[in-house]
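Subject: Structure for your review

Dear colleague,

Please find below the structure that I am handing over to you. My notes on what was found in it follow directly after.

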Amino acid sequence: QVQLVEPGGGLVQAGGSLRLSCAASGSIFSRNAMGWFRQAPGKQRDLVAAITSGGTTNYADSVKGRFTIARDNAKNTVYLQMNSLKPEDTAVYYCNVLMWSATWRPRTEYWGQGTQVTVSS
């Protein structure tokens, strides 16, 4: 079983930085791609950053150049460093295991509670 725990959210002013972390239990972590998603009120949950088991990264255009995803396979942990934060980055952030099916898709059975990130202007 995989459990995803995502501490590290909070309130920050525009232009500030936050680092999110996601610890995963279970042996699935090291051999799978991982991703960070976010969901703002009234909007769908979107993938913002992905990292393969080999370390290749991919970002949504909205966060490219500001966010960095990284992973530590020894700790079963994936990180999201968020810099130059904007009010439009305000959302609940979730991590998940990814599977490839024409595009990266989350393993819906593994959703955690997420962590709130609020960026004030």
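Trp 111 counts as partly exposed, because its relative accessibility is 26%, a value that is neither under 20% nor over 50%. Please note that this is a predicted model. Tyr 94, in contrast, is buried, because its relative accessible area is 10%.

These two residues belong to the aromatic pairs, of which the count comes to 3. The ring centres of Tyr 94 and Trp 111 are 5.7 Å apart and the planes stand at 70 degrees, so this pair is edge-to-face. Tyr 94 lies in strand β9, while Trp 111 lies in the loop between β10 (104-106) and β11 (115-120); the pair therefore ties together parts that are 17 residues apart in sequence. Together with Phe 37, Tyr 94 and Trp 111 form one aromatic cluster. Arg 45 is also found here: its charged end sits over the ring of Tyr 94, 3.7 Å from the centre, and over the ring of Trp 111, 4.4 Å from the centre.

The rings of Trp 100 and Trp 104 have their centres 5.1 Å apart and their planes at 80 degrees, so they too make an edge-to-face pair. Trp 100 counts as exposed because its relative accessibility is 58%, whereas Trp 104 is partly exposed, with a relative accessible area of 24%.

I turn next to the charged residues. Side chains of opposite charge can pair when their charged atoms come close. A search of the whole structure finds 4 salt bridges. In one of them, Asp 89 pairs with Arg 38, the closest N and O atoms being 2.9 Å apart. Asp 89 lies in the loop between β8 and β9 and Arg 38 in strand β4, so this salt bridge ties together parts that are 51 residues apart in sequence. Asp 89 also forms a salt bridge with Arg 66, and here the closest N and O atoms are 2.7 Å apart. Arg 66 is found in the loop between β6 (57-59) and β7, 23 residues from Asp 89. Arg 38, Arg 66 and Asp 89 are thus linked in a network of salt bridges. Asp 89 and Arg 38 are both buried, and Arg 66 is buried as well. Another salt bridge joins Asp 61 to Lys 64, with the closest N and O atoms 3.1 Å apart; Asp 61 counts as exposed because its relative accessibility is 65%.

Which cysteines does a disulfide join? Cys 22 is joined to Cys 95, with a distance of 1.7 Å from S to S. This pair links distant parts of the chain, since Cys 22 is in strand β3 and Cys 95 is in strand β9 (residues 91-100), 73 residues apart. Cys 22 counts as buried because its relative accessibility is 0%, and Cys 95 counts as buried because its value is 0%.

Strand β3 also takes part in a sheet. Four strands form an open sheet in the order β1-β3-β8-β7, with antiparallel pairing. β1 (4-5) and β7 (67-72) stand at the edges with a single partner strand each, so one side of each is left without a neighbour in the sheet. The pairing of β7 with strand β8 (residues 77-82) runs over 6 bridges, and Arg 71 stands opposite Val 78 in β8.

Yours sincerely,
A colleague

Technical notes:
Residues are numbered from 1 along each chain as its sequence is written. Side-chain values use heavy atoms; hydrogens and water are left out. A disulfide is a pair of cysteine sulfur atoms within 2.5 Å. Helices (H or I, at least four residues) and strands (E, at least two) are DSSP runs, numbered from the N terminus. Buried means under 20% relative accessible area, exposed over 50%, partly exposed in between (1.4 Å probe, protein chains only). Two strands pair if DSSP finds at least two bridges between them. A salt bridge is a side-chain nitrogen of Lys or Arg within 4 Å of a carboxyl oxygen of Asp or Glu. Rings of Phe, Tyr and Trp (its six-membered ring) pair if their centres lie within 6.5 Å; planes under 30 degrees apart count as stacked, over 60 as edge-to-face and the rest as tilted. A charge sits over a ring if NZ of Lys or CZ of Arg is within 6 Å of the ring centre and within 35 degrees of the ring normal.
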